[in-house]
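Student: Please take a close look at one part of this structure, then relate it to the surrounding architecture.
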There are 2 protein chains.
Amino acid sequence: MTEKKIPYKIYLEECEMPQVWYNLRADMQNKPAPLLDPQTKQPMTVKELSNVFCEELAKQELDDQTRFIPIPQEIQEFYKMFRPSPLMRAYRLEEKLQTPAKIYYKFEGNNTSGSHKLNSALAQAYYAKQQGLKGVTTETGAGQWGTALSMACSYFDLDCKVYMVKVSYEQKPFRREVMRTYGASVVPSPSTETEVGRKILAEHPGTTGSLGCAISEAVEKAVTTEGYRYVLGSVLNQVLLHQSIIGLETKAALDKYGIKADIIIGCAGGGSNLGGLIAPFMGEKLRKEADYRIIAVEPASCPSFTRGIYAYDYCDTGKVCPLSKMYTLGSGFIPAPNHAGGLRYHGMSSTLSQLYHDGYMEAVAVPQTTIFESAELFCRTEGILPAPESSHAIHVAIQEALKCKEQNDAKTIVFGLTGTGYFDMYAYEKFHNGKMEDYIPTEEELQASFAKIPKI
Amino acid sequence: MTEKKIPYKIYLEECEMPQVWYNLRADMQNKPAPLLDPQTKQPMTVKELSNVFCEELAKQELDDQTRFIPIPQEIQEFYKMFRPSPLMRAYRLEEKLQTPAKIYYKFEGNNTSGSHKLNSALAQAYYAKQQGLKGVTTETGAGQWGTALSMACSYFDLDCKVYMVKVSYEQKPFRREVMRTYGASVVPSPSTETEVGRKILAEHPGTTGSLGCAISEAVEKAVTTEGYRYVLGSVLNQVLLHQSIIGLETKAALDKYGIKADIIIGCAGGGSNLGGLIAPFMGEKLRKEADYRIIAVEPASCPSFTRGIYAYDYCDTGKVCPLSKMYTLGSGFIPAPNHAGGLRYHGMSSTLSQLYHDGYMEAVAVPQTTIFESAELFCRTEGILPAPESSHAIHVAIQEALKCKEQNDAKTIVFGLTGTGYFDMYAYEKFHNGKMEDYIPTEEELQASFAKIPKI
């Protein structure tokens with residue numbers, strides 16, 4: 001049988017787009033552990049979660065039974081403005097590597113927010129609007145989530161308040177201006193606007209902030225302001241649910257051409273992209289309908305899967321959020337200041353944590369100078385300048401393709417290219433000038449951080 | 001007859017992509033005036049031009065007879081990495097404006113170079129490689145062309161030397177780093193590397209450079225270095241030829257849905273996008289097969305069509321390039337330092353100049369604060385953060401749509417969205433902070449500049 005000629009880009013027609021999200025938890029025998037109230041240590045109810053999250057999103061957060069959740073018509077319409085995203089065949093990279101492997105990547109950087117984060121931002125803004133809210137609050141580190149949410153809020157005419165980790169606010173003024181262009185209000189965190197912010201500033205006057213601190217501020221602002229709720233761009237079950245559109249489209253595009261993936265690779269910070277990309281494949285694996293190697297790639301400077309411990313931990317510095325059972329480095333862990341891009345959260349999605357714990361996926365940690373080498377190679381062959389986050393997946397895809405070359409094995413590799421690196425040129429500049437360094441936490445540092453994880 | 005439902009994005013299939021470029025000049029009764037040798041003032045021959053340009057490109061430059069020129073197979077393959085580009089229906093903008101007009105835009109920012117410039121960069125790099133050259137030189141101002149060429153040269157494994165206007169080199173370090181990521185060598189202009197650069201530096205020690213000066217340096221470097229030629233991203237006939245792919249795809253997508261455009265709008269600097277977008281429509285107009293209103297939009301700070309004179313003029317400050325007959329503000333004209341983005345060239349494509357002179361198109365000049373207002377409106381409704389250049393076309397499209405509203409007239413408006421504004425956030429920041437100013441040259445300034453145009 002001759003192979004059907006695969007185009008550079010596989011686009012689905014609009015009519016072929018998924019009309020439901022896939023809820024991976026429904027197919028898990030060992031469900032992810034429930035969120036716990038930080039005070040009572042009891043599982044959170046929808047009602048309790050609804051003080052922080054929009055009600056519909058709180059329901060999605062706790063629903064581990066419904067396999068398919070219809071995507072509301074209005075969200076489907078918005079998705080059509082930038083989806084389906086292309087599944088690209090990396091012909092030029094394959095040629096460069098002289099590998100028999102077939103490499104595909106799902107490119108999610110094809111919208112002005114520049115990353116996959118828009119998939120969940122639109123959904124969360126939609127439900128906030130449905131509930132009649134006035135606005136939402138959130139945090140952002142590298143800025144992708146804040147950008148995506150600002151964009152989504154401008155679509156739905158919602159106020160958007162973004163607590164941006166101070167070091168990013170200062171070092172990434174252009175990210176900030178993108179958010180302002182979409183009409184968001186952007187505040188450097190820690191700020192004097194919240195109690196938790198003032199407390200942190202009093203204790204650490206010179207602090208440049210952290211994601212955990214910005215989360216605490218955003219949550220406090222949401223629960224103390226009439227008509228506001230908090231939204232989050234990663235880690236949560238609801239986010240993975242929305243991001244399943246990535247995997248569903250990928251699978252539909254592969255199926256359209258009769259392609260069976262062997263290895264699926266995604267970068268992993270809180271798990272939003274990885275969880276979305278792998279969802280339908282993992283579902284088949286859980287149901288024993290097919291088998292795949294699934295690989296999570298994380299930065300060596302923030303290695304929650306590969307060096308963290310699996311335990312209940314706080315999601316934020318201020319300990320105002322529910323506790324989540326996950327692979328964690330401890331809620332006080334902050335990656336070294338030279339760490340470029342995102343993937344800087346101390347914990348990991350509880351769903352992915354459970355799956356990893358149960359042996360359904362592999363994980364690998366890679367230092368950033370290595371990542372940027374692969375990013376540059378990819379850029380010069382495939383023409384897309386990747387975000388540092390995405391380059392983690394690129395790197396491991398290249399490694400696997402080189403293994404295929406050694407073994408003369410024509411495996412099919414699929415990886416997630418979550419976004420573009422336009423706003424990370426400062427890091428690229430350091431790399432070009434030979435000034436990028438790696439920092440890998442020592443065992444002692446990790447142990448000290450682990451010691452602060454609560455015993456539950 | 002019911003209207004066929006038009007999707008948000010009209011994508012052509014790869015097999016529907018144009019396989020030829022359309023050479024608009026073939027259908028012009030009044031051909032654009034020939035390029036003249038700056039010394040002898042005689043029309044340049046292919047042989048003479050081949051000292052500066054690749055031979056095949058020199059042929060394309062002078063060919064005003066061949067209507068269709070096949071796109072080499074290899075270029076077609078490269079185009080498939082980012083083309084066809086989507087033709088978008090601006091449903092949300094229409095709704096926001098409450099206009100009966102139907103607005104479409106051809107989005108060319110969908111590749112890492114971020115603009116339409118890649119269409120010609122790939123073609124020019126291809127012909128350079130075919131000729132066995134070692135590398136190419138060019139200039140860049142706002143950086144879009146330099147980025148596109150760097151990307152194209154990395155595809156074809158060619159050296160790429162970019163003279164970047166010094167003020168941009170310093171103010172846009174990230175643009176510079178993108179080019180370096182693709183492997184280009186980037187030099188601030190004026191430099192001490194060339195005779196013309198040293199001369200300009202001696203005469204104007206504090207100069208921050210200009211496009212005209214960077215062109216002179218790039219040309220000198222090309223003609224004095226073995227195995228190098230010069231390439232240019234706008235103004236030239238060959239560039240308009242390559243960019244015709246924009247218009248051909250646009251027309252094919254409209255035809256696919258039985259849509260007839262009424263008004264076609266493009267921003268105009270040197271004319272690369274405008275000339276490409278309008279090509280097949282203008283062809284029909286020239287052949288009297290259809291009629292369209294065609295509108296060029298230029299910055300009020302660099303108004304070559306609307307306030308320039310139609311005359312032979314130098315293309316560069318150093319007067320090393322051929323003379324071109326065009327609408328020009330004088331080769332010494334430099335837009336005010338606060339001018340954001342590109343569209344800063346003193347002249348205009350000779351093809352477009354002839355067509356404008358003959359009454360086949362309209363032109364309008366708009367001040368930049370007005371442009372950024374429309375850019376922000378567009379960003380918040382359509383979700384794409386536009387380049388300042390593209391926002392010129394957006395602005396006039398909005399104006400025309402509002403006229404349709406007044407007159408209750410459901411016209412079909414098509415405009416070119418040439419690129420994204422990721423690297424223009426400094427300008428957006430000034431706009432947000434109310435610090436953006438307009439500067440419109442006075443009549444006296446223009447007259448002083450006109451006085452230096454040679455009498456030919």
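How many of the six residues of strand E13 (residues 323-328) of chain A are buried?

Tutor: The model is predicted. In strand E13 (residues 323-328) of chain A, five of the six residues are buried, so the strand is largely enclosed by the rest of the structure. Its partner is strand E12 (residues 309-314) of chain A; the two run antiparallel and are joined by six bridges. Within that pairing, Ile309(A) has Thr328(A) of E13(A) as its bridge partner.

A contact from the nonpolar core leads back to this strand. Phe305(A) touches Tyr327(A), a residue within the 323-328 range of E13(A). Leaving out residues up to four places away in sequence, the other contacts of Phe305(A) include Ala268(A), Leu274(A), Ala296(A), Met348(A), Leu352(A), Tyr356(A), Met361(A) and Ala363(A). Glu298(A) and Ser353(A) are also among them. The largest nonpolar core holds 186 residues, and Phe305(A) is one of those that touch the most other members, together with Trp21(A), Met361(A), Trp21(B) and Met361(B).

That list names residues of both chains, which raises the relation between the copies. Chain B can be laid on chain A by a turn of 180 degrees and a shift of 0.0 Å along the axis, with an RMSD of 0.0 Å. The two copies are thus related as by a two-fold rotation axis. The same surface serves both of them, since 100% of the contact residues of chain B recur in chain A.

A second enclosed strand can be described in chain B. Six of the six residues of strand E15 (412-417) of chain B are buried, so E15(B) too is largely enclosed by the rest of the structure. In a regular strand the side chains alternate between the two faces of the sheet. In E15(B), Thr412(B), Val414(B) and Gly416(B) point one way, Ile413(B), Phe415(B) and Leu417(B) point the other way, and all are buried. On one pairing, strand E5 (residues 102-107) of chain B runs parallel to E15(B) over six bridges, with Tyr104(B) opposite Val414(B). On another, three bridges join strand E10 (263-267) of chain B to E15(B), again in the parallel sense, and Ile265(B) has Phe415(B) as its bridge partner.

These strands belong to an open, seven-stranded sheet of chain B with mixed pairing and the order E1-E4-E5-E15-E10-E11-E14. Strand E1 (9-10) and strand E14 (362-366) of chain B each have a single partner strand and stand at the edges, so one side of each lacks a neighbour in the sheet. The partner of E14(B) is strand E11 (residues 293-299) of chain B, paired in the parallel sense over five bridges; here Ile295(B) is matched with Glu362(B). Helix H12 (residues 272-286) of chain B packs on the sheet and touches E10, E11 and E15 of that chain, its direction making about 155 degrees with that of E10(B).

Burial in a helix can be one-sided, as helix H2 (residues 55-62) of chain A shows. Its buried residues are Leu57(A), Ala58(A), Gln60(A) and Glu61(A). They cover an arc of only 160 degrees around the axis, which puts them on the same side of H2(A). They pack against strand E2 (20-22), helix H1 (46-49), strand E3 (68-70), helix H5 (118-130) and helix H11 (237-256) of chain A. Leu62(A), also in H2(A), counts as partly exposed at 31% relative accessibility. Beyond its neighbours within four places in sequence, Leu62(A) is in contact with Arg25(A), Met44(A), Thr45(A), Val46(A) and Leu49(A).

Some backbone details remain. Most residues other than glycine have a negative phi, and most peptide bonds are trans. Lys288(A) is not a glycine but has a positive phi of about 60 degrees. Lys288(A) lies in the loop between helix H12 (272-286) and strand E11 (293-299) of chain A and is exposed, with a relative accessible area of 71%. Val235(B), likewise not a glycine, has a positive phi of about 65 degrees. Val235(B) sits in the loop between strand E9 (228-230) and helix H11 (237-256) of chain B, and at 10% relative accessibility it counts as buried. A cis peptide bond, with omega about 5 degrees, joins Ser189(A) and Pro190(A). Pro190(A) is in the loop between strand E8 (185-189) and helix H9 (195-203) of chain A. In chain B, a cis peptide bond joins Ser189(B) and Pro190(B) with omega about 5 degrees.

Methods: Residues are numbered from 1 along each chain as its sequence is written. Chains are lettered from A and ligands numbered from 1 in the order in which they are written. This is a predicted model: local features need pLDDT of at least 70, side-chain atom pairs count only at pLDDT 80 or more; totals for chains, interfaces and linings use all residues. Side-chain values use heavy atoms; hydrogens and water are left out. Copies are superposed by least squares on the C-alpha atoms of residues with pLDDT of at least 70 in both. Contact means heavy atoms within 4.5 Å. A nonpolar core is a set of buried Ala, Val, Leu, Ile, Met, Phe, Trp, Tyr and Cys residues joined through side-chain atoms within 4.5 Å. Buried means under 20% relative accessible area, exposed over 50%, partly exposed in between (1.4 Å probe, protein chains only). Helices (H or I, at least four residues) and strands (E, at least two) are DSSP runs, numbered from the N terminus. The arc is that of the directions from the helix axis to the C-beta atoms. Two strands pair if DSSP finds at least two bridges between them. Axes are lines fitted to C-alpha atoms, for helices over the stretch in contact, and angles run from 0 to 180 degrees between N-to-C directions.
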